[in-house]
Amino acid sequence: MSLLPSPFSSDSLTRFVLEGIDLELEIGINAFEIGKPQKVSLTVSVEVPDTLCHIADSREGLLAGYDYNHVYDAIQQAISEPVALIEVLAQRIADLLLLNPEVRVCEIKVMKYRMWPEVATVAVSIRRSQPLLTKNRAL
């Protein structure tokens with residue numbers, strides 16, 4: 001009896017997105033921002049191999065799949081230390097997410113609201129991925 005190949009390519013990815021993560025953070029470098037919590041909103045996505053998403057529909061099935069609680073945990077860890085710049089916060093989250101080799105790609109958007117009265121949001125968005133593995137070639 002031969003096994004059929006999986007219909008899910010190892011190159012196929014599934015994206016998990018956490019949107020509208022609203023926080024109050026002391027973030028900013030301008031005098032009018034220092035010491036004053038500001039509303040910050042995050043959108044964080046990760047892409048993992050499809051093979052981690054085609055699992056049994058049960059708690060036990062998740063043991064073989066990707067648990068998006070890891071995304072939330074990375075955000076909590078990233079904001080546990082003071083940060084002054086939204087771009088640094090975004091990179092901090094990306095660095096934490098990419099510690100997990102299952103996460104192939106992550107995107108982080110950080111928005112601050114009403115920094116100036118006439119500007120609704122100031123935002124930064126980054127996309128990071130695992131470094132490509134180089135294969136040793138025989139010379």
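A salt bridge here is a side-chain nitrogen of Lys or Arg within 4 Å of a carboxyl oxygen of Asp or Glu. Keep that cut-off at hand for the exercises below, and remember that the model is a predicted one.

**Exercise 1. Get your bearings**

Work out how many helices and strands the protein chain has, and in which order they come.

*Solution.*
Step 1: Count the elements. There are 3 helices and 4 strands.
Step 2: Read along the sequence. The pattern is β-β-α-α-α-β-β.
Step 3: Look at burial and surface. Of the 139 residues, 34% count as buried. The accessible surface comes to about 9500 Å², and 55% of this belongs to carbon and sulfur atoms.
Step 4: Turn to contacts. Among those between residues at least 6 apart in sequence, 59% join residues at least 24 apart.

**Exercise 2. Follow the salt bridges**

Find how many salt bridges a search of the whole structure gives, then trace the network that includes Arg-15.

*Solution.*
Step 1: The search finds 5 salt bridges. As a reminder, side chains of opposite charge can pair when their charged atoms come close.
Step 2: Begin with Glu-47 and Arg-15, whose side chains meet at 2.5 Å, N to O. Glu-47 lies in strand E2 and Arg-15 in strand E1, so this pair ties together parts that are 32 residues apart in sequence.
Step 3: Check how well each partner is covered. Glu-47 counts as buried because its relative accessibility is 11%, which falls under the 20% limit. Arg-15, at 44%, counts as partly exposed.
Step 4: Stay with Arg-15, whose side chain also meets that of Glu-107 in a salt bridge of 3.5 Å, N to O. Since Glu-107 belongs to strand E3 and Arg-15 to strand E1, the parts tied together here are 92 residues apart in sequence. Glu-107 is partly exposed, with 24% relative accessibility.
Step 5: Put the network together. Arg-15, Glu-47, Glu-107 and Arg-127 are linked by salt bridges.

**Exercise 3. Buried or exposed?**

Take the salt bridge between Glu-33 and Lys-112 and decide whether Glu-33 is buried or exposed, and likewise whether Lys-112 is buried or exposed.

*Solution.*
Step 1: The two side chains meet at 2.4 Å, N to O.
Step 2: Place the partners. Glu-33 sits in the loop between E1 and E2 and Lys-112 in strand E3, so the pair ties together parts that are 79 residues apart in sequence.
Step 3: Compare with the 20% limit for burial. Glu-33 has a relative accessible area of 3% and is buried. Lys-112, with 6%, is buried too.

**Exercise 4. Assemble an aromatic cluster**

Identify the residues that form one aromatic cluster, and describe how their rings pair.

*Solution.*
Step 1: Searching the whole structure gives 2 aromatic pairs.
Step 2: One of them joins Phe-16 and Tyr-66, with 5.5 Å centre to centre and 40° between the planes. An angle of 40° makes the pair tilted, because stacked planes are under 30 degrees apart and edge-to-face planes over 60.
Step 3: Phe-16 lies in strand E1, whereas Tyr-66 lies in the loop between helix H1 (59-62) and helix H2 (69-78), so the pair ties together parts that are 50 residues apart in sequence. Both Phe-16 and Tyr-66 are buried.
Step 4: Phe-16 also forms a tilted pair with Tyr-68, at 5.7 Å centre to centre and 40° between the planes. Tyr-68 is in the loop between H1 and H2, so this pair with Phe-16 of strand E1 ties together parts 52 residues apart in sequence.
Step 5: Tyr-68 counts as partly exposed at 48% relative accessibility, while Phe-16 counts as buried at 18%.
Step 6: Phe-16, Tyr-66 and Tyr-68 thus make up one aromatic cluster.

**Exercise 5. Inspect a backbone angle and a ring**

Determine what is notable about the phi of Arg-114, and which ring lies under the charged end of Lys-39.

*Solution.*
Step 1: Recall that most residues other than glycine have a negative phi.
Step 2: Arg-114 is not a glycine, yet its phi is positive, about 50°. Arg-114 is found in strand E3 (residues 105-116).
Step 3: The charged end of Lys-39 sits over the ring of Tyr-113, 4.6 Å from its centre.

Key:
Residues numbered from 1 in each chain as written. Predicted model: local features only at pLDDT ≥ 70, side-chain atom pairs only at ≥ 80, totals over all residues. Heavy atoms only, no water. Phe/Tyr/Trp six-rings, centres within 6.5 Å; stacked < 30°, edge-to-face > 60°. Helix = DSSP H or I, 4+ residues; strand = E, 2+ residues; numbered from the N terminus. Buried < 20%, exposed > 50% of the residue type's maximum accessible area, 1.4 Å probe, protein only. Lys NZ or Arg CZ within 6 Å of the ring centre and 35° of its normal. Contact = heavy atoms within 4.5 Å. Areas by Shrake-Rupley, 256 points an atom, 1.4 Å probe, with all protein chains shown as cover.
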